[in-house]
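Reader: I'm new to reading protein models, and I keep tripping over the labels. Could you go through this one with me and show how each label is earned?

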Amino acid sequence: MGKNWLLVVIAALFEVMWVAGLKHADSFWEWLLTIVAILVSFATLIYSGKRLPTSTVYAVFVGLGTAGTVMVEMAVFQEPFSWIKVGLIALLLIGIIGLKLVTHECEGDAHKEGDVA
């Protein structure tokens, strides 16, 4: 996995943190950490989106963030466990992996997404 894809995964991890923070933050410091997580998440997403196919980056980011948020809610915040949720998350992750596998990355800036060939 390339450095830029690793940054997308890191952005998704920070997304899980700030989404949990929006729901569960009660103190000034928890809100501050939530805001920092938002900034780190979007900064790394924007950085990666400039170097990788934007549509795939966003799909991976949202999919991993969604899956991570549901899993953290079940594991940490006592959201009821459901096999249906786990199965749908697995289906989502299979789709994300498939999308990543069929997306071709171009070298350099010559053929960025949306450019006319």
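Author: Below we take the labels one at a time and hold each up against its cut-off. Keep in mind that this is a predicted model.

Reader: Okay, overall picture: what does the secondary structure come to?

Author: Four helices and zero strands. Reading along the sequence, you get the pattern α-α-α-α.

Reader: How much of the protein counts as buried?

Author: Of its 117 residues, 30% do. As for the accessible surface, that comes to about 7,800 Å², and 72% of it belongs to carbon and sulfur atoms.

Reader: Why is Glu73 called buried?

Author: Glu73 has a relative accessibility of 10%. The label buried applies under 20%, so Glu73 counts as buried.

Reader: And what makes Lys23 exposed?

Author: Its relative accessibility is 54%. Exposed means over 50%, so Lys23 gets that label.

Reader: How do you know that Glu73 and Lys23 form a salt bridge?

Author: Their closest N and O atoms are 3.4 Å apart. A salt bridge needs a side-chain nitrogen of Lys or Arg within 4 Å of a carboxyl oxygen of Asp or Glu, so the pair passes. This bridge links distant parts of the chain, with Glu73 in helix H3 and Lys23 in helix H1, 50 residues apart. In general, side chains of opposite charge can pair when their charged atoms come close.

Reader: What else does Glu73 contact, leaving aside neighbours within four places in sequence?

Author: Besides Lys23, Glu73 is in contact with His24, Gln78 and Glu79.

Reader: How many salt bridges turn up in the whole structure?

Author: Two. Besides the one joining Glu73 and Lys23, there's a bridge between Lys85 and Glu79, with their closest N and O atoms 3.3 Å apart. The cut-off is 4 Å, so this pair qualifies too.

Reader: Are Lys85 and Glu79 buried, exposed or partly exposed?

Author: Lys85 has a relative accessible area of 30%, and Glu79 has a relative accessibility of 30%. Partly exposed is the range between the 20% and 50% cut-offs, so that's the label for Lys85 and for Glu79.

Reader: What makes up the largest nonpolar core?

Author: It has 10 residues: Trp5, Val8, Ala11, Ala12, Leu45, Leu52, Val57, Val60, Phe61 and Ile96. Helix H1 (3-24) and helix H3 (54-75) each supply at least two of them. H1 gives the most, with four residues.

Reader: What does Ile96 touch?

Author: Not counting residues up to four places away in sequence, Ile96 touches Ala59, Val60, Gly63 and Leu64.

Reader: Which residues of H1 are buried?

Author: Quite a list, including Asn4, Trp5, Leu7, Val8, Ala11 and Ala12. The buried residues of H1 pack against H2, H3 and helix H4 (83-102).

Reader: How do you know that the span of H1 is close to the expected one?

Author: H1 has 22 residues and reaches 31 Å from its first C-alpha to its last. The expected span at 1.5 Å a residue is 32 Å, and the two values are close.

Reader: What makes the nonpolar surface patch, and where does Val36 come in?

Author: Phe28, Trp29, Leu32 and Val36 make a patch of about 440 Å². Val36 lies in helix H2 (residues 28-49). Its relative accessible area is 39%, and a patch residue needs over 30%, so Val36 clears that bar. The 39% value also makes Val36 partly exposed.

Reader: Which label do Val40 and Phe42 get?

Author: Both are in helix H2. Val40 has a relative accessible area of 27%, while Phe42 has a relative accessibility of 36%. Each value falls between the cut-offs of 20% and 50%, so both are partly exposed.

Reader: How far are these two from Ala11, C-alpha to C-alpha?

Author: Val40 and Ala11 are 29 residues apart in sequence and 7.0 Å apart in space. Phe42 and Ala11 are 31 residues apart along the chain, with their C-alpha atoms separated by 6.8 Å.

Reader: What share of the contacts between residues at least 6 apart join residues at least 24 apart in sequence?

Author: That share is 68%.

Methods:
Residues numbered from 1 in each chain as written. Predicted model: local features only at pLDDT ≥ 70, side-chain atom pairs only at ≥ 80, totals over all residues. Heavy atoms only, no water. Patch = residues over 30% accessible without salt bridge, like charges linked within 9 Å, V, L, I, M, F, W, Y side chains within 5 Å. Areas by Shrake-Rupley, 256 points an atom, 1.4 Å probe, with all protein chains shown as cover. Helix = DSSP H or I, 4+ residues; strand = E, 2+ residues; numbered from the N terminus. Buried < 20%, exposed > 50% of the residue type's maximum accessible area, 1.4 Å probe, protein only. Core = buried A, V, L, I, M, F, W, Y, C linked by side-chain atoms within 4.5 Å. Contact = heavy atoms within 4.5 Å. Expected span 1.5 Å × (residues − 1).
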